[in-house]
Structures are given as structure tokens and as C-alpha cells.
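Trainee: I would like to learn how to read a model like this one, beginning with the fold as a whole and ending with the cysteines. Could we take it step by step?

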Amino acid sequence: MGTAAATIATRGVEKKHRRVIFASSLGTVFEWYDFYLYGALSAVITKQFFSGVNETTGFIFALMAFAAGFFVRPFGALLFGRFGDMIGRKYTFLVTIVIMGLSTALVGLLPSYATIGVAAPIILIILRLLQGLALGGEYGGAATYVAEHAPDGKRGLYTSWIQTTATLGLFLSLLVILLCRVALGDAFDVWGWRIPFLVSIVLLAVSVYIRLQLQESPVFLEMKAEGRVSKAPLSEAFGQWSNLKIVLLALFGATAGQAVIWYGGQFYALFFLEKILQVDAKAANLIIAAGLLIGTPFFVVFGALSDRIGRKKIIMAGCILAVFTYFPVFKGLTHFANPALEHAVATAPVTVVADPADCSFQFDPVGKKAFTNSCDVAKSYLAKAGVPYENEVASAGSVARVRVGAAQSGVFVDSFAGNSLPKQEFKAASDAFAAKLKGELNTAGYPPKADMSQLDYPMVIALCAYLVILVTMVYGPIAAWLVELFPARIRYTSMSLPYHIGNGWFGGFLPVTSFAIVAATGDIYNGLWYPIAVALMTVVIGSLFLRETRDQPLMK
């Protein structure tokens, strides 16, 4: 049904413009592919480049390195947005794809931590920063370029094809990874993970060739001929309150909510299946890929619909649906993907009974601190095992205990005070505690991994497809809305910054933020409060203060 709807929508694209959309979209697909390879391979990246620290800290480091690429995206928006408004759309976003492709290919050639030590993660983070800068300039250029070719009344339809590129790039990255995993087996984690990164060299060559065939945007050429090109786009965009106000409203009233729903419905859903519900990695990737395949045509459907009823209504509706349905949908994923875990939590809840002063926030930014308090030992094991738990306050100075079962009938497993134990004795005590707790959890019905024979594939795929459709509602019309909010002479700069702060910061930091919330509270669903709160903020600000723009002249 989605494919048929997209085909009908495509008929509204004029033949002379299809090449423009195809060229812009294809290059952007490849660029998103490059960027998301890292996120999809975060578990392998942890082992290859952060093996010098403990497992928990290493995984958080890997998430933060992923987030680093998002952090610099707004700076890329400022840098390349300025160039785009001064020298043109075409050449600016040609440069961005070269930087992105080369940075990604170099990750595939980078020696591991075991080979060159601490230089490996440092170089990796530098490459991630370059990727983020490049992507910061890419989206604004592609969206502006396509919109400025679109006839009035069709900008939502035309730019919606650009909106499919992020999801298609993610889908392509998952597909290549899956094929490599199937073909290479265990060798994938050893050296085969490099292949998807090296494929970027081919994609880069194709993208550069295609983009060299493009002509400059007609709107920019008209401004250039009339001498109206901005000489100082940064000061015009952000130094004048009339425009800066729209930038801020676009950030908090549009892109922030759109971003958390985008990452919540795709990346966090994958993280939730694989890391929290302990679903087999290959199966989790296939499920998300199926959801993307079903949902992706709706980017075009909602983009075209926004030309008829407006951008604002559709985006606000998507945010509202996410606010009210995220909790039941993710609980549904647990029910259909790992019913044994759901049953165990209901019949034998786990509680960490500890002195709050004995519990640390288990993140070490330099990888040197050992978390040896009795509470930390208990929570660390439960977090790694994907076991939800509640917190209960114990008397000051007492050793933490883990209760498996109800308060009256549960079985206690005592942790141990490892603060003063030598390293070898600490390991022995930790292994003994883990073995005993694992035995009690198994007795209570907690599965060490999701039982794949019990996973209801149709229902899990349907729920993931629903999450992707929410993504299409908020993301399909957003490019047209942003393009129309700002004047042509500073459009590239103005729209790029709120888009990349929203997607780079609010969205890009969702995995690490939600993971930290889950780890701190023990509730596997509490990480959802972050995207829900941001989406709700966007509904309030966007509904009250942002105008509808679908009939806005593009050359104002």
C-alpha cells in the first residue's frame, strides 16, 4: 500500500526535475549511509577501539564517539551554510560529500586499539568529527537545492524525497552489514566489519560523478544576477532578532521534536531490541530493516499531503502520537519480542536494596576508575544482563543486596564490599556473586537471551513499522517547512543551524541520554521520557508560535 501511494505521489514530479531530485537524494543516501555505519556497528567499535577500558565504560565511550559526530553538526551548518549562501548550493554540498566519504573509508583502514593503543580511539573520534562537519553542510544544501527547483504547490512533495534519504541510508547500512555478517560469520567481528566502511569509496565515486552533472539552483542564479547574494550570511541570519527569533522557534518548535522521534523510532528501537531485550543482533537488524521498508514510502505521502493541508498540522500530529503511544508501543515490543522477560518481571521483580551513598553513577570519562562498591557491583551485573530492577533504600553502611522476587518471599543475594579487596580477590568475589545471582535469576525465569522461537515477528515488525510511520509524519514535511521559513539570501545558513542542533544535539544524544536514564533508574522504559518530553515541548511551542508556510513565496 505504501509503495503504491508513493508511486501516485511521484507522478506529480515534473520530468525535468526528476534528475535533480534523484541526484540530490542519491548522494545524500550515500552520505547518511556513511554516517550511520558507526551507530549500527557500535558494539564492534567498542571492542576494536575502546578495549583499553572496562566493558561498561567502553560501550558508553562508543556511544559518546557516535554522539560526537552529532555535536559538531551545527558548526558544519554554520561553516558550509555560509559558503552555500555566498558561493552557491551546488559546489558546497559537493565538497561535503567528499569529506564524508573519505572520513568513512579511513575508519575501515584504521588500526585497532590492540595495534596502536590510545591513538586508535583518538583518530576515530577525529574522523567522526569530520563526518559531523560534513553532514552539517550536506542536508541544508540538498534541501535548499531541491526546494528551489520545485514549482509552487509541490515543495513538500519534492523535498520529501530528500527526507527519505536518512532512512534509506540507515537501511542500506543495515543491509550491507547483514550481508557481511551472513557471508563472513565470526570473522565479521574480527576484520569483516571494515568492509562496509570501505564500500564508501565506491559510493563516494558514484556520488561525486552524479553531483558534477548538476546545475546551480535557479533561485541562487537569479539572486546572483541581480546582485542580491548575501555578503555576510552569518550576521544577517543570527545578528538580526527578526531572523534569529525564527531560528530559535524552528529549533524548539519543529526540529527538536522531529529529531527525537526520528532517532527514537529507528535507532533507539534497534538499541532497545538488541541491548535491553537481548534479541539476536541479526534478527534485530532484520526487524528494523523490515519496519523501514514498510514505512519509508510514507515520507513522500506525508510530504505531498503537506502541500495540501499544511506542514505544521502533520508534524504536530506526529509529535502528539509519539507522546501518547511510545510507552505502550515499547512495552508491546517487550511482550512480543521477549515474553519470558516480561513474565519474569511481573512474577519475580528484582530489587537492589542498598545505601544510596554506596551507589555511584557508573561513568568514568578517563576509563581509570574502578566501581567496587557493593551497590555498583550489583547494578553493573544487572545492567549488563538486561534485567530491570527497582531501588530500595537500606540502612547506612550496609552491604547491598539483590532481592529476586516479592518483598515477602523473595530470595536475597548479598553483594560484597570490594573497596578494600586486592584485584585478584575482588575478581574471585565478583565471579562468585555473579554466579549465585545468575542462578537465582534463571530459577526465577529471567532469560539470559531472548528466546527467538518465542519472538512474534509479525507483531514486532508491525510495531517497528508504526514507529517509522511516526518518523515519516514529522520528517517528511520538515524540509519544505524550514526552507519556506527563511529568506532566500540566507536560507542555507538559517535553516541548517536549527535543523542540525535539533537533529545533532536533541536527536543525536538520545541513545546515550536514554541509556544513562535506564542505567540509573533500573526501569527499561524510563529512557523514553527523554523523547516524550522533547516532543511535548515541540508541540506546545510549534503550535503557538510557528506559522504555516505552504503558500509562502520562495523568493521573498
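**Reading the cysteines and the fold**

Mentor: Let us start with one residue: C359 has a relative accessibility of 24%, and because buried means under 20% and exposed over 50%, C359 counts as partly exposed. Please keep in mind throughout that this is a predicted model.

Trainee: Which residue forms a disulfide with C359, and how far apart are the sulfur atoms?

Mentor: A disulfide is called when two cysteine sulfur atoms lie within 2.5 Å. Here the partner of C359 is C375, with the two sulfur atoms 2.0 Å apart. The link of C359 and C375 is right-handed, with 95° about the S-S bond. C359 sits in the loop between β1 (350–354) and α20 (374–385), whereas C375 belongs to helix α20 itself, so the pair ties together parts that are 16 residues apart in sequence.

Trainee: Is C375 buried or exposed?

Mentor: C375 counts as buried, because its relative accessibility is 0%, while its partner C359, at 24%, is partly exposed.

Trainee: How many disulfides does the count come to, and why does C464 not form a bond with C319?

Mentor: The count comes to one disulfide. The closest cysteine sulfur to that of C464 is in C319, and because the two are 20 Å apart, they are too far for a bond. C464 counts as buried, with a relative accessibility of 2%, and C180 also counts as buried, at 11%.

Trainee: Moving out to the whole chain, what does the secondary structure come to, and what radius of gyration does the chain have?

Mentor: The secondary structure of the protein chain comes to 26 helices and four strands. For overall form, one sets the radius of gyration beside the value for a compact globule: with 556 residues that value would be near 24 Å, and the protein chain has 25 Å, which agrees. Along its principal axes, the C-alpha trace spans about 80 × 50 × 45 Å.

Trainee: What share of the residues is buried, and what share of the contacts joins residues at least 24 apart?

Mentor: Buried residues make up 59% of the 556 residues in the protein chain. Of the contacts between residues at least 6 apart in sequence, 84% join residues at least 24 apart.

Trainee: What, finally, should I note about the surface and the charges?

Mentor: The accessible surface of the protein chain comes to about 21,500 Å², with 67% of it belonging to carbon and sulfur atoms. As for charges, the chain has 43 positive and 34 negative side chains, and the centres of these two sets lie 8 Å apart.

Definitions and conventions
Residues are numbered from 1 along each chain as its sequence is written. This is a predicted model: local features need pLDDT of at least 70, side-chain atom pairs count only at pLDDT 80 or more; totals for chains, interfaces and linings use all residues. Side-chain values use heavy atoms; hydrogens and water are left out. Helices (H or I, at least four residues) and strands (E, at least two) are DSSP runs, numbered from the N terminus. The radius of gyration is taken over C-alpha atoms; the globule rule is 2.2 Å times the number of residues to the power 0.38. Buried means under 20% relative accessible area, exposed over 50%, partly exposed in between (1.4 Å probe, protein chains only). Contact means heavy atoms within 4.5 Å. Accessible areas come from the Shrake-Rupley method with a 1.4 Å probe; for residues, only the protein chains shown count as cover. Lys and Arg count as positive and Asp and Glu as negative; His and the chain ends are not counted. The place of a charge is taken as NZ of Lys, CZ of Arg, CG of Asp or CD of Glu.
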